Amino acid sequence: KEYHPEWGVMRDQDFHQLAQKHQRDLETHYQSGTPIPDFYFWQANLGGYCMADMIQNIVVSSEGIFVLVRRMVEGAPHPGRKKKKRGMG
């Protein structure tokens with residue numbers, strides 16, 4: 001079976017995924033063994049600007065402090081945004 005990591009925060013006992021771009025960036029740091037204490041990103045459902053601390057596994061936002069979670073999920077990873085192919089010219 002195929003598994004892939006998902007990054008998000010625990011909020012009100014629920015797992016909330018971060019935007020795919022942020023997940024990919026966090027995973028890159030995680031895989032390279034260079035977790036960073038001040039990863040800044042925008043996440044509307046957490047109140048806007050946030051800062052993830054990969055050392056302490058927390059996310060700080062204007063709405064509070066949340067636990068940063070990396071979990072393994074069954075299935076293929078999100079393909080990400082595909083670049084649109086220009087028309088055959």
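In which strand is glutamate 6 found? Glutamate 6 is found in strand S1, and this residue offers a convenient way into the structure, which is a predicted model.

Before following glutamate 6 further, it helps to have the overall plan in mind. The protein chain has one helix and six strands, and, read from the N terminus on, its elements run β-β-α-β-β-β-β. Of the 89 residues of the chain, 31% count as buried. Among contacts between residues at least 6 apart in sequence, 40% join residues at least 24 apart.

Glutamate 6 has a relative accessibility of 9%, and because buried means under 20% relative accessible area, glutamate 6 counts as buried. Its side chain makes a polar contact with the side chain of glutamine 17, at 3.2 Å. When residues up to four places away in sequence are not counted, glutamate 6 touches Phe15, Gln17, Gln23, Val69, Arg70, Arg71 and Val73. Arginine 24, which lies in helix H1, is 18 residues from glutamate 6 in sequence, while the C-alpha atoms of these two residues are 8.9 Å apart in space. Arginine 24 counts as partly exposed, at 42% relative accessibility, whereas glutamate 6 is buried.

Glutamate 6, glutamine 17 and arginine 24 also appear together in the lining of the largest pocket, which has a volume of about 180 Å³. The other residues that line this pocket are His4, Pro5, Trp7, Gln20, Gln23, Glu27, Pro77 and His78. By character, the residues of the lining divide into three nonpolar, five polar and three charged. Strand S1, which covers residues 3–11, and helix H1, which covers residues 20–31, each supply at least two residues of this lining.

Histidine 4 is another lining residue of the largest pocket, and histidine 4, too, is found in strand S1. With a relative accessibility of 10%, histidine 4 counts as buried. The side chain of histidine 4 reaches the backbone oxygen of glycine 75 at 2.9 Å. Leaving out residues up to four places away in sequence, histidine 4 touches Arg71, Met72, Val73, Glu74, Gly75, Ala76 and Pro77. Of these residues, Arg71 and Val73 are also touched by glutamate 6, and Pro77 is also part of the pocket lining.

From the pocket we can turn to the nonpolar interior. The largest nonpolar core has 13 residues, and those that touch the most other members are Leu18, Leu26, Phe41, Leu46, Ala52, Val59 and Leu68. The elements that give two or more residues to this core are S1, strand S3 (39–43), strand S4 (48–53) and strand S6 (64–74). Strand S1 therefore has a part in both regions, because it gives residues to this core and also supplies at least two residues of the pocket lining, with buried glutamate 6 as one of its members.

Leucine 26 shows how such a core residue is surrounded: not counting residues up to four places away in sequence, it touches Trp7, Leu18, Phe39, Ala52, Met54 and Leu68. Of these, Leu18, Ala52 and Leu68 are, like Leu26, among the residues that touch the most other members of the core.

Phenylalanine 66, whose place is in strand S6, is buried, with a relative accessible area of 9%. Its C-alpha atom lies 9.2 Å from that of alanine 52, and these two residues are 14 residues apart in sequence. Leaving aside neighbours within four places in sequence, phenylalanine 66 is in contact with Val9, Met10, Arg11, Leu46, Asn57, Ile58, Val59 and Ser61.

The last stop is the loop between S1 and strand S2 (14–17), where aspartate 12 has its place; glutamine 13 is placed in the loop between S1 and S2 as well. Most residues other than glycine have a negative phi. Aspartate 12, although not a glycine, has a positive phi of about 55°, and glutamine 13, also not a glycine, has a positive phi of about 65°. Aspartate 12 is exposed, with a relative accessible area of 62%, and glutamine 13 counts as exposed at 75% relative accessibility.

Definitions and conventions. Residues are numbered from 1 along each chain as its sequence is written. This is a predicted model: local features need pLDDT of at least 70, side-chain atom pairs count only at pLDDT 80 or more; totals for chains, interfaces and linings use all residues. Side-chain values use heavy atoms; hydrogens and water are left out. On a 1 Å grid over the protein atoms alone, a cavity is a set of points where a 1.4 Å probe fits but cannot get out, and a pocket is an open set with protein on both sides within 12 Å along at least five of seven lines; lining residues have an atom within 4 Å of a point. Grid points are joined across faces, edges and corners, and a volume is the space filled by probe spheres set on the points. Helices (H or I, at least four residues) and strands (E, at least two) are DSSP runs, numbered from the N terminus. Ala, Val, Leu, Ile, Met, Phe, Trp, Tyr, Cys and Pro count as nonpolar, Asp, Glu, Lys and Arg as charged, and the others, Gly among them, as polar. Buried means under 20% relative accessible area, exposed over 50%, partly exposed in between (1.4 Å probe, protein chains only). A polar contact is a pair of N or O atoms within 3.5 Å; within protein, one must be able to donate a hydrogen and the other to accept it, and residues adjacent in sequence count only if both atoms are side-chain atoms. Contact means heavy atoms within 4.5 Å. A nonpolar core is a set of buried Ala, Val, Leu, Ile, Met, Phe, Trp, Tyr and Cys residues joined through side-chain atoms within 4.5 Å.
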